[in-house]
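Could you walk me through this model in the viewer, one selection at a time? I would like to know what to click next and what is there.

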Amino acid sequence: MAIRTIITGDDPVLNKACHPVTKFDGKLADLLDDMRETLTQANGVGLAAPQVGILRRVVLVVNGEGEMLELVNPEILAQKGEQDGLEGCLSVPGMWGYVKRPEWVRVKAQDRNGNWFETEGTGLTARCFCHELAHLDGHLYTELCEKLYTSEELDQMMEEQEADR
Ligand code: NI
């Protein structure tokens with residue numbers, strides 16, 4: 001296993017649509033193992049293959065139970081409700097923005113052996129599924145934000161909200 005470099009900034013690889021995975025081989029297993037190690041080290045809740053420069057439909061999502069799910073060729077099957085909350089991305093370090101996402105999503109995907117399964121998530125997990133799947137079509141959450149905040153700006157906003165109470 002190896003930690004891969006997370007691509008940040010304006011790299012065009014982050015804006016490309018990814019190809020479906022057709023071979024469930026050792027190369028895919030290596031990619032997933034490396035992505036797991038990379039996400040763990042980055043202390044994130046999700047990572048998509050294009051973020052490590054691989055244009056394949058592969059993502060990791062840490063769900064509400066703290067399990068790191070491997071999703072190959074994932075698709076959203078159903079969604080319900082709406083939530084508005086802060087979102088960040090390992091490819092856009094140090095920035096956050098408010099994004100509307102469904103409150104609940106159901107997803108189907110293949111595992112590293114090609115077996116299809118279904119899973120679902122609410123709240124942060126639903127947000128994470130939507131965010132990571134968007135990466136596979138070359139979309140970043142920043143496209144959905146009116147404004148991006150630095151951590152200093154966020155801290156200041158929180159303090160002001162506290163003061164208003
Ligand atoms: Ni991201």
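Start by selecting Asn73, which is buried with a relative accessible area of 10%. This is a predicted model, so read every value on this tour as computed from predicted coordinates. Asn73 sits in strand 3, which covers residues 68-80. Check its backbone too: phi of Asn73 is near 55 degrees, a positive value in a residue other than glycine.

**Stop 2: Asn43**

For another asparagine, jump to Asn43. Its phi is near 60 degrees, again a positive value in a residue other than glycine. Asn43 belongs to the loop between helix 1 (26-42) and strand 1. Is Asn43 buried or exposed? Asn43 counts as exposed, because its relative accessibility is 71% and the cut-off for that class is over 50%.

**Stop 3: Ala29 in helix 1**

Now select Ala29, a residue of helix 1. Ala29 has 19% relative accessibility and counts as buried, the limit for that class being under 20%. Add Asn113 to the selection and draw a distance between the two C-alpha atoms: Ala29 and Asn113 are 84 residues apart along the chain, and their C-alpha atoms are separated by 8.7 Å.

**Stop 4: Val52**

Move on to Val52, in the loop between strand 1 (46-48) and strand 2 (58-62). With 10% relative accessibility, Val52 counts as buried. What does Val52 touch, not counting residues up to four places away in sequence? Show Arg4, Thr5, Ile7, Leu31, Met35, Thr38 and Leu47 as sticks and you have the set. For one of these partners, Met35, try a C-alpha distance: Met35 and Val52 are 17 residues apart along the chain, with 7.9 Å between their C-alpha atoms.

**Stop 5: Gln83 and its polar contacts**

Next comes Gln83, in strand 4 (residues 83-89). Gln83 is buried, at a relative accessible area of 14%. Which backbone oxygen does the side chain of Gln83 reach at 3.1 Å? That oxygen belongs to Pro102. Now turn to Gly123, whose backbone oxygen lies 2.9 Å from a polar atom of the Gln83 side chain.

Widen the selection to see what else surrounds this residue. Leaving out residues up to four places away in sequence, Gln83 touches Val99, Lys100, Arg101, Pro102, Glu103, Gly123, Ala126 and Arg127. Keep Arg127 highlighted for the next stop.

**Stop 6: Arg127**

Arg127 is placed in helix 2, residues 123-135. Is this arginine, Arg127, buried or exposed? Arg127 is buried, with a relative accessible area of 5%. Look for the backbone oxygen of Val99, which is 3.0 Å from a polar atom of the Arg127 side chain. Beyond its neighbours within four places in sequence, Arg127 is in contact with Gln83, Asp84, Gly85, Leu86 and Glu87, and also with Val99 and Arg101.

**Stop 7: Met95**

Select Met95, which is found in strand 5 (residues 92-101). Met95 counts as partly exposed, at 23% relative accessibility. Its contacts, again without residues up to four places away in sequence, are Glu87, Gly88, Tyr141, Leu148, Tyr149 and Thr150. If Arg127 is still highlighted, draw the line from Met95: the two C-alpha atoms are separated by 17 Å, and the residues are 32 apart along the chain.

**Last stop: zoom out**

Clear the selection and switch to a cartoon view. How many helices and strands does the protein chain have? There are three helices and eight strands, and along the sequence they follow the pattern α-β-β-β-β-β-β-β-α-β-α. The chain is as compact as a globular protein of its length, because its radius of gyration is 16 Å, close to the 15 Å that the globule rule gives for 165 residues. Along its principal axes, the C-alpha trace spans about 55 × 35 × 25 Å.

With a contact map open, look at pairs with a separation of 6 or more: residues 24 or more positions apart account for 65% of those contacts. Colouring by accessibility is also worth a try, as buried residues make up 44% of the 165 residues. In a surface view, the chain exposes about 8,900 Å², with carbon and sulfur atoms supplying 48% of it. Finally, colour by charge: the chain has 16 positive and 29 negative side chains, and the centres of the two sets lie 8 Å apart.

Definitions and conventions:
Residues numbered from 1 in each chain as written. Predicted model: local features only at pLDDT ≥ 70, side-chain atom pairs only at ≥ 80, totals over all residues. Heavy atoms only, no water. Helix = DSSP H or I, 4+ residues; strand = E, 2+ residues; numbered from the N terminus. Buried < 20%, exposed > 50% of the residue type's maximum accessible area, 1.4 Å probe, protein only. Polar contact = N/O pair within 3.5 Å; in protein donor to acceptor, adjacent residues only side chain to side chain. Contact = heavy atoms within 4.5 Å. Rg over C-alpha atoms; globule rule 2.2 N^0.38 Å. Areas by Shrake-Rupley, 256 points an atom, 1.4 Å probe, with all protein chains shown as cover. Lys, Arg positive; Asp, Glu negative; His and termini not counted. Charge placed at Lys NZ, Arg CZ, Asp CG, Glu CD.
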